[in-house]
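Please look through the structure below together with its sequence, and follow the paragraphs with both at hand.

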Amino acid sequence: MTRVLLTGGSGFIAAHVLEALLAQGHSVVTSVRSETKAQMLRDTFPGVGKDQLDFVYVADIAQEGAFDEAVKSDPPFEWVIHTASPFHLNVTDAQKDLLDPAIIGTTGILKAIKKNAPNVKRVVITSSFAAIFSPQVGNRPEHTYSEKDWNTITAEEATQDPLSGYRASKTFAEKAAWDFVEKEKPNFTVSTMNPPMVFGPIHPKLQTLDTLNTSNQRIRDLMMGKMADEMPTGGVKIWVDVRDLALAHTRAAERPEAAGKRFFVTAGYYSYRDLADAIHDLLPDVKIAAKGGEFPEGSSQSIFPYLLSL
């Protein structure tokens, strides 16, 4: 049994990482912002003792030193999985609401581990395909992406709108992590997960549909008839099941050969039309635009069977 610190445990991806870790028999301490969030997770995983699931409170990851105490543990942590980072577009200040929590939160936990958690050997960070793909460059169907690809967004572009702010937050935070490793030469290794759109079931239970994670909001909006007249054509057309992504996090922590690598975790292509067809089969009375949102040309995989299996 390995002692693991998981940050942001009530988040969409993190809650599935937590489930995977518990299923594998690990002892997990997860950071949450409040006792309310902790209780939601206790309710989600009833019967799990404090020796296997415990909590540490970090109210604001954008504060310097926020994780200094959180990384201390007896028995000591061996792995840290850092998922805590905002992904929402309802912001008024991209710097304060997106960039600072992502960048300062990432560098802060790495500094805290080096300073206060000498037994940590592996760190896994949730990054994003947004740190790889450059919308400014455009779609390059002939291009094979690799660990060398980075979003070319600039600091000036980062504050232009919420979506640019999110993309920049993931890009700058991940770059800061690799810079830390190169300059500080810590005793631990770093791996990053770079998923595209992430879909799947929700943990913990939602209080309202307004608190649904950003990726799944697309499915919610279709089901609520918000795309009765028109469906979007833009956006990332690749996806991954959140449960597969969670398993990828734990596998990267387990395996030494994952050290120093960026992992683009994906199940294949999807389209709004795929989502619409699946929802129409399940909910035929929902009004959905008859045209638009078609499957990307040349794609060979579909999300349709997956949606029907949920």
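In this predicted model, the N-terminal end of helix α3 is capped by D93, which places a side-chain oxygen 3.0 Å from the backbone nitrogen of Q95. Following helix α3 onward from that cap, you will find that it covers residues 94-116, a run of 23 residues. From its first C-alpha to its last, α3 reaches 31 Å, which is close to the 33 Å expected at 1.5 Å a residue. Along the way, however, α3 has a kink of about 40° at D100, and this kink lies shortly before the proline P101.

A second place to visit is the loop between strands β6 (189-193) and β7 (197-199), where N194 is located. Is N194 buried or exposed? Because its relative accessibility is 0%, and buried means under 20%, N194 counts as buried. The side chain of N194 has polar partners of two kinds: it reaches the backbone oxygen of S128 at 3.1 Å, and it also makes a polar contact, at 2.9 Å, with the side chain of E174.

Turning now to the surface, you can locate a nonpolar patch formed by L206, L209, M223, M224, L282 and L283, which together have about 530 Å² of accessible area. One of these residues, M223, belongs to helix α6, which covers residues 217-223. With a relative accessibility of 41%, M223 counts as partly exposed, because this value falls between the 20% limit for buried residues and the 50% limit for exposed ones.

Note on methods
Residues numbered from 1 in each chain as written. Predicted model: local features only at pLDDT ≥ 70, side-chain atom pairs only at ≥ 80, totals over all residues. Heavy atoms only, no water. Patch = residues over 30% accessible without salt bridge, like charges linked within 9 Å, V, L, I, M, F, W, Y side chains within 5 Å. Areas by Shrake-Rupley, 256 points an atom, 1.4 Å probe, with all protein chains shown as cover. Salt bridge = Lys/Arg side-chain N within 4 Å of Asp/Glu carboxyl O. Helix = DSSP H or I, 4+ residues; strand = E, 2+ residues; numbered from the N terminus. Buried < 20%, exposed > 50% of the residue type's maximum accessible area, 1.4 Å probe, protein only. Expected span 1.5 Å × (residues − 1). Bend = angle between axes of the 7 residues up to and from the residue. Polar contact = N/O pair within 3.5 Å; in protein donor to acceptor, adjacent residues only side chain to side chain.
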